[in-house]
Amino acid sequence: ICLDLSLNALRIGRENFHKLLFIHADGTSPPFRENQMDIITCFEVLEHIPNYKSALKKMFNLLKGNGVLLISVPNYFDLFTLSLSIFVNHLRTLFGRKDQYLYISEKEKKYRGKVNQIYHRYDVHGERVHNFNPVNLKKGMISIGCRNPTISGIGVKPAPDRMIRYFVDNNDNAYQLWKLFNTFLSKLNYPSLFSSNIIGKAIRD
């Protein structure tokens, strides 16, 4: 069963996944009785829901005994974002750019415009209203009744060459430095605190 507010997203789902049931409904008020589901997944959604704890509570209550709730959210502390927002801007300054942290190139403006067009096209509200990290996600899950939730992380993957060149405006020296730094990050065995995404798992008693 797939639940979504976007009619366009549901239409695309029905066209591509014929064996699934697609329901138009608000995930914060799911149209199901409690104690019905064996497993519920919620991937990259909670950060867009103002009252995310209420939504989590309703999802958790839908589970049967021993049912599993799986959550994935972007990690506000991830090393890739930190390297992008700090390291790249320092590279711009180091190689003669006067731009600082708030610099937005014309390429980036066009890219953001395309993303917004996609959001509007598919009736998707893309604004992030919560910044999660492994600590506050676990506290949020415990606060709604999840006992001993487990939190894990997904590591940083090396950024594609085209993406690296895009953010350093094709400056060859900056490109080589960030490529080396990004490869180094991807091979680190660091804790979930610094992973790019956080996975939360809870089992209902």
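A polar contact, as I use the term here, is a pair of N or O atoms within 3.5 Å; within protein, one must be able to donate a hydrogen and the other to accept it, and residues adjacent in sequence count only if both atoms are side-chain atoms.

**Entry 1, ground rules.** I note that this is a predicted model, in which local features need pLDDT of at least 70 and side-chain atom pairs count only at pLDDT 80 or more, while totals for chains, interfaces and linings use all residues. Residues are numbered from 1 along each chain as its sequence is written, and side-chain values use heavy atoms, with hydrogens and water left out.

**Entry 2, Glu44.** I looked up Glu44 and found it in the loop between S3 and H2; helices (H or I, at least four residues) and strands (E, at least two) are DSSP runs, numbered from the N terminus. What joins Glu44 to Asn197? Their side chains share a polar contact of 3.2 Å, although the two residues stand 153 apart in sequence, with 9.1 Å from C-alpha to C-alpha. The side chain of Glu44 also makes a polar contact of 2.4 Å with the side chain of Ser72. Glu44 is partly exposed, at a relative accessible area of 31%, where buried means under 20%, exposed over 50% and partly exposed in between (1.4 Å probe, protein chains only).

**Entry 3, the core.** I then turned to the largest nonpolar core, which has 22 residues; such a core is a set of buried Ala, Val, Leu, Ile, Met, Phe, Trp, Tyr and Cys residues joined through side-chain atoms within 4.5 Å. Leu46, Leu56 and Leu69 have the most contacts inside this core, and H2 supplies its largest share, six residues. Contact means heavy atoms within 4.5 Å, and, not counting residues up to four places away in sequence, Leu46 touches Tyr52, Leu56, Met59, Ile71, Val73, His130 and Phe132.

**Entry 4, helix H5.** Which residues of H5 are buried? I list Pro134, Leu137, Gly140 and Met141, and they lie on the same side of H5 because they cover an arc of only 130° around the axis, the arc being that of the directions from the helix axis to the C-beta atoms. The buried residues of H5 pack against H2, S4, strand S5 (150–154) and S6. At the N-terminal end of H5, Asn133 acts as a cap, with a side-chain oxygen 2.9 Å from the backbone nitrogen of Val135. Just after H5, I noted that Gly145 takes a positive phi of about 110°.
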